[in-house]
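Me: Could you take a close look at one part of this model for me, the surroundings of the ligand? I'd like the contacts and cut-offs spelled out.

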Amino acid sequence: MIRFTHVTKTYPRTGTAVQDVTLHVGKGEFIFLTGPSGAGKSTLLKMVYMEERPTTGEVRVSGTSSVTASSREVAKLRRKLGIVFQDFRLLDNRTAEQNIGFALEVTGAPQSVIGPKVARALTQVGLAAKGTSFPRELSGGEQQRVAIARALVNDPFVLIADEPTGNLDDRATRGIFQLLRDINASGTAVIMATHNLELIRRQEFRTVEMNRGMIVFDSDEQLPPARDA
Amino acid sequence: MRPFRDALITFRRSPLLSALSVTTIAFSLFAFGLFGLVALNIREALDRLEDRVEIRAFVTDGTTPEQIAQASGDIATYPEVLSAAAVTQEQALARAQQELGDFRDVFEGAALPASIDVKLRAGMRDPATVKRVASRVKAFPFVDDIRYGEEWIEKLYRLRNIAGIAGLALGLSFALVSMIIIGATIRMAVLARAKEISIMRLVGATDAYIRRPFLLEGVAKGIVGGLLALLLTWLSRLLIDRFIIKTVFFDARVIMLGLLFGALIGLLGSAVSVGRHLRRV
Ligand SMILES: Nc1ncnc2c1ncn2[C@@H]1O[C@H](COP(=O)(O)OP(=O)(O)OP(=O)(O)O)[C@@H](O)[C@H]1O
Ligand SMILES: [Mg+2]
């Protein structure tokens with residue numbers, strides 16, 4: 001489903017951010033991605049949705065290869081992915097519903113399917129009553145739920161979450177985390193980058209730890225990870 | 001339709017730059033239009049005047065009618081020549097008197113030289129051809145002097161060329177300026193929507209979809225500018241018609257071409273800019 005093969009990413013100005021990573025993510029998995037700041041977690045995730053391409057090596061996501069994919073193919077791929085961030089990235093001048101519908105609109109979905117799909121996604125994240133609220137009228141946790149609903153509205157096979165609870169207090173964090181587990185339980189894979197070690201410690205999910213661009217621990221493969229897969 | 005609404009929104013967001021880009025496109029096309037109009041009307045005038053172009057070769061006194069007839073026959077066989085007619089002294093006098101009407105007495109008893117009047121075929125009346133034929137005719141030993149409308153024909157031709165070139169140069173420079181201004185407008189619009197664009201990318205909108213409203217905006221500005229230019233040109237023509245000289249206007253095909261050119265300026269200006277700036281957000 002998602003496969004990294006000897007992936008190295010070197011930025012022109014800052015040097016190597018990801019080094020020789022080989023990793024496989026299967027259908028419906030839940031993965032924690034951890035490691036100190038600057039370890040390369042965000043860069044790794046960016047290569048999944050192909051905002052960055054590897055300097056060497058290959059990333060394959062659902063049949064799309066980072067080596068050959070055109071920008072059009074990348075756009076098509078992203079319609080099958082859900083992506084959420086620490087800073088929510090909602091449009092301030094649109095309501096929750098409009099923010100969620102936006103993801104369908106810009107991919108050319110007909111108006112008739114947008115309404116029902118948005119309503120379903122809102123219910124899924126527990127915000128059915130707040131559809132007409134603007135982001136400024138919502139709490140941080142609620143805004144992140146809207147962002148998650150937007151990520152889910154296209155029925156992605158994987159949800160990529162880069163520190164989704166980074167801006168939230170404990171209570172909201174637990175709520176969002178529970179939501180991600182529910183989403184995973186219904187069959188969607190989840191890759192979640194996080195600093196929150198407490199959250200990880202209490203879970204039995206697969207954990208991948210990075211440091212200085214390399215994978216230094218993978219609970220699935222027992223440490224250290226094999227250099228060749 | 002969302003793209004059209006978006007185009008309107010960006011128009012409202014930077015009205016000054018938008019108005020400026022429309023205006024420069026209008027000026028570009030207006031320059032084409034005005035000088036084109038001048039060139040067109042000179043062309044028309046030339047067509048009419050050219051019908052009258054003839055080369056008149058005066059022959060020396062004492063040339064026999066046979067010599068003149070022989071020469072006329074020769075000249076008539078030149079490929080550029082439509083007809084060559086011998087005009088005797090008497091005929092010349094009669095024509096002069098007729099042309100002068102009331103002042104016919106002036107020519108009483110005067111002697112006008114005989115001549116050979118040469119008419120050229122249509123399409124062979126440009127200054128270069130006229131000159132060439134004239135110099136051939138002049139080579140006959142008994143041809144004394146030669147007259148043709150050299151001066152004013154060349155002047156008109158030159159005027160038409162200058163009008164054409166000036167219009168082209170001015171129009172193209174305005175076109176360039178308007179493309180640069182449109183580029184700047186698009187840059188502002190792209191930056192103002194940077195967040196929206198990055199989210200669109202994230203959820204899988206194609207580049208073509210993201211680019212579309214900006215391109216549409218450019219085309220819309222080009223067409224509005226074109227219509228404005230058409231109005232300006234039409235008004236100028238009205239003024240010229242009223243105060244200076246009767247003129248003809250462009251036909252529908254040329255007008256459509258002008259509007260199309262405006263749309264093209266708008267499209268190119270935004271396409272270049274949007275390509276460059278989308279990559280940065
Ligand atoms: N767009 C970029 N251009 C240049 N260098 C970058 C870019 N993004 C990240 N880097 C560099 O790559 C390295 C890894 O960054 P990355 O954001 O992947 O780390 P991270 O593990 O997500 O850190 P954090 O936990 O703080 O979010 C860092 O040294 C960073 O400076
Ligand atoms: Mg990060």
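Reply: Happy to! Helices here are DSSP runs of H or I with at least four residues, and strands are E runs of at least two, numbered from the N terminus. This is a predicted model, where local features need pLDDT of at least 70 and side-chain atom pairs pLDDT 80 or more, while totals for chains, interfaces and linings use all residues. Residues are numbered from 1 along each chain as written, chains are lettered from A and ligands numbered from 1 in written order, and side-chain values use heavy atoms, without hydrogens or water.

Around ligand 1 there are 13 residues (near means a heavy atom within 4 Å), and those that come nearest are Thr14(A), Ser37(A), Lys41(A), Ser42(A) and Thr43(A). Helix α1 of chain A, residues 41-48, gives the largest share of this shell, three residues. By type, the shell has four nonpolar residues, seven polar and two charged; Ala, Val, Leu, Ile, Met, Phe, Trp, Tyr, Cys and Pro count as nonpolar, Asp, Glu, Lys and Arg as charged, and the others, Gly among them, as polar.

Now the polar contacts, meaning pairs of N or O atoms within 3.5 Å. The side chain of Thr14(A) places an N or O atom 2.6 Å from a nitrogen atom of ligand 1. Gly38(A) uses a backbone N or O atom, 2.8 Å from a ligand 1 oxygen atom. For Glu163(A), a side-chain N or O atom is 3.3 Å from an oxygen atom of ligand 1. Taken alone, ligand 1 exposes 630 Å², and the protein buries 65% of that (Shrake-Rupley areas, 1.4 Å probe).

Note on methods
Polar contact = N/O pair within 3.5 Å; in protein donor to acceptor, adjacent residues only side chain to side chain.
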